[in-house]
Amino acid sequence: MLEDRKNALIGALKDEDAEVRKRASDALLKLEALSELGDVLKAYKDSSKQEKLRYIYSLSKMKHEKALVPLLYSLRDPDEEIRVSAIRAIGDMGKNKGVPALLQMLKDTSIVAKIQAVESLGKIGDKSVAGFLVKMLPSRNAELDEAIVTALGTFRLKATEPLLIKMLESKFPNVRRAAAWALGELDI
């Protein structure tokens with residue numbers, strides 16, 4: 001079955017329409033990457049930091065749930081930059097299956113990882129995480145508060161209105177700006 005799909009796409013590379021050829025080419029690249037995902041994960045484990053970062057970037061572009069596995073594995077890496085890159089990649093993929101892992105990353109010791117996890121949760125847009133984020137406010141970090149308020153604004157939940165109004169009183173201007181924006185995004 002997979003071979004039939006591959007052969008059909010190879011045939012589409014000769015289509016008279018340029019857009020069909022381009023999409024067939026993209027589909028073949030994606031298919032090839034998915035079929036080699038097991039090999040990618042093995043190679044990833046033994047890679048240098050720079051190679052791991054390249055893998056993470058490539059995986060984020062696949063937008064396929066199978067690519068989520070190595071990204072989830074990367075969240076346990078001791079290197080902050082690797083974890084943060086994987087968190088960003090999960091958010092860029094926009095898959096709800098990554099939400100539980102991102103919620104776990106809210107407990108990371110790195111403030112940068114926490115901020116990226118909040119931003120990724122906002123990108124995914126799963127409104128069910130709003131309660132977790134609300135409980136984090138106010139934190140002791142202006143950038144984290146700003147990310148949380150911004151994520152809450154993307155969810156457009158009227159229930160967050162009292163908290164967002166309260167955040168307009170933050171001592172941090174970036175948090176107040178985010179709160180003002182978020183209030184403008186809420187449903188009426």
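## Helix pairs, caps and a core

Helices α10 and α12 (residues 173–185) pack at an angle of about 5°, with their axes 8 Å apart. Here axes are lines fitted to C-alpha atoms, for helices over the stretch in contact, and angles run from 0 to 180 degrees between N-to-C directions. Helices (H or I, at least four residues) and strands (E, at least two) are DSSP runs, numbered from the N terminus.

Before we dig in: this is a predicted model, where local features need pLDDT of at least 70 and side-chain atom pairs count only at pLDDT 80 or more, while totals for chains, interfaces and linings use all residues. Residues are numbered from 1 along each chain as its sequence is written, and side-chain values use heavy atoms, with hydrogens and water left out.

**Exercise 1. Classify the α10–α12 pair, then list the residues that make the contact.**

Step 1: sort the angle. Under 35 degrees counts as roughly parallel, over 145 as roughly antiparallel, 65 to 115 as roughly perpendicular and the rest as oblique. With about 5° between them, α10 is roughly parallel to α12.

Step 2: find the touching residues, where contact means heavy atoms within 4.5 Å. From α10 come A142, E143, D145, E146, V149, T150, G153 and T154. From α12 come N174, V175, A178, A179, W181, A182 and E185.

**Exercise 2. Check the length of α10 and work out how covered it is.**

Step 1: the expected span of a helix is 1.5 Å times one less than its number of residues. For the 14 residues of α10 that should give 20 Å, and the end C-alpha atoms are indeed 20 Å apart, so the two agree.

Step 2: count what's tucked away. Buried means under 20% relative accessible area, exposed over 50%, and partly exposed in between (1.4 Å probe, protein chains only). In α10, 10 of the 14 residues are buried, so the helix is mostly covered. They are A142, L144, D145, A147, I148, V149, A151, L152, G153 and F155.

Step 3: see what they lean on. These buried residues pack against α8 (111–124), α9, α11 (161–167) and α12.

**Exercise 3. Describe what happens just before and just after α10.**

Step 1: start with N141, in the loop between α9 and α10. A polar contact is a pair of N or O atoms within 3.5 Å; within protein, one must be able to donate a hydrogen and the other to accept it, and residues adjacent in sequence count only if both atoms are side-chain atoms. A side-chain oxygen of N141 comes within 2.9 Å of the backbone nitrogen of E143, and the N141 side chain also reaches the backbone nitrogen of L144 at 2.8 Å.

Step 2: look further along the chain. Leaving out neighbours within four places in sequence, N141 is in contact with I111 and I115.

Step 3: add S139, which sits in that loop between α9 (130–136) and α10. Its side chain makes a polar contact of 2.6 Å with the side chain of D145.

Step 4: go to the other end. Just after α10, R156 has a positive phi of about 55°.

**Exercise 4. Which members of the largest nonpolar core touch the most other members?**

Step 1: a nonpolar core is a set of buried Ala, Val, Leu, Ile, Met, Phe, Trp, Tyr and Cys residues joined through side-chain atoms within 4.5 Å. The largest one has 49 residues, and L106, V118, L121, L133, I148, V149 and L152 touch the most other members. Helix α10 (residues 142–155) gives the most to this core, with eight residues.

Step 2: zoom in on L133. Apart from neighbours within four places in sequence, L133 is in contact with L106, V118, L121, I148, A151, L152 and F155.

Step 3: recall the general trend. In soluble globular proteins, nonpolar side chains tend to be buried together.

**Exercise 5. Now describe how α4 (residues 49–62) and α6 (residues 80–93) sit together.**

Step 1: α4 and α6 pack at an angle of about 10°, with axes 9 Å apart. That makes α4 roughly parallel to α6.

Step 2: K49, K52, L53, I56, L59 and S60 of α4 meet E81, I82, S85, A86, A89 and M93 of α6.

Step 3: compare burial. In α4, K52, L53, I56, L59, S60 and M62 are buried. In α6, 10 of the 14 residues are buried, so the rest of the structure largely encloses α6.

Step 4: check the ends. D79 caps the N-terminal end of α6, with a side-chain oxygen 2.8 Å from the backbone nitrogen of E81. Just after α6, G94 takes a positive phi of about 70°, and just after α4, K63 takes one of about 55°.
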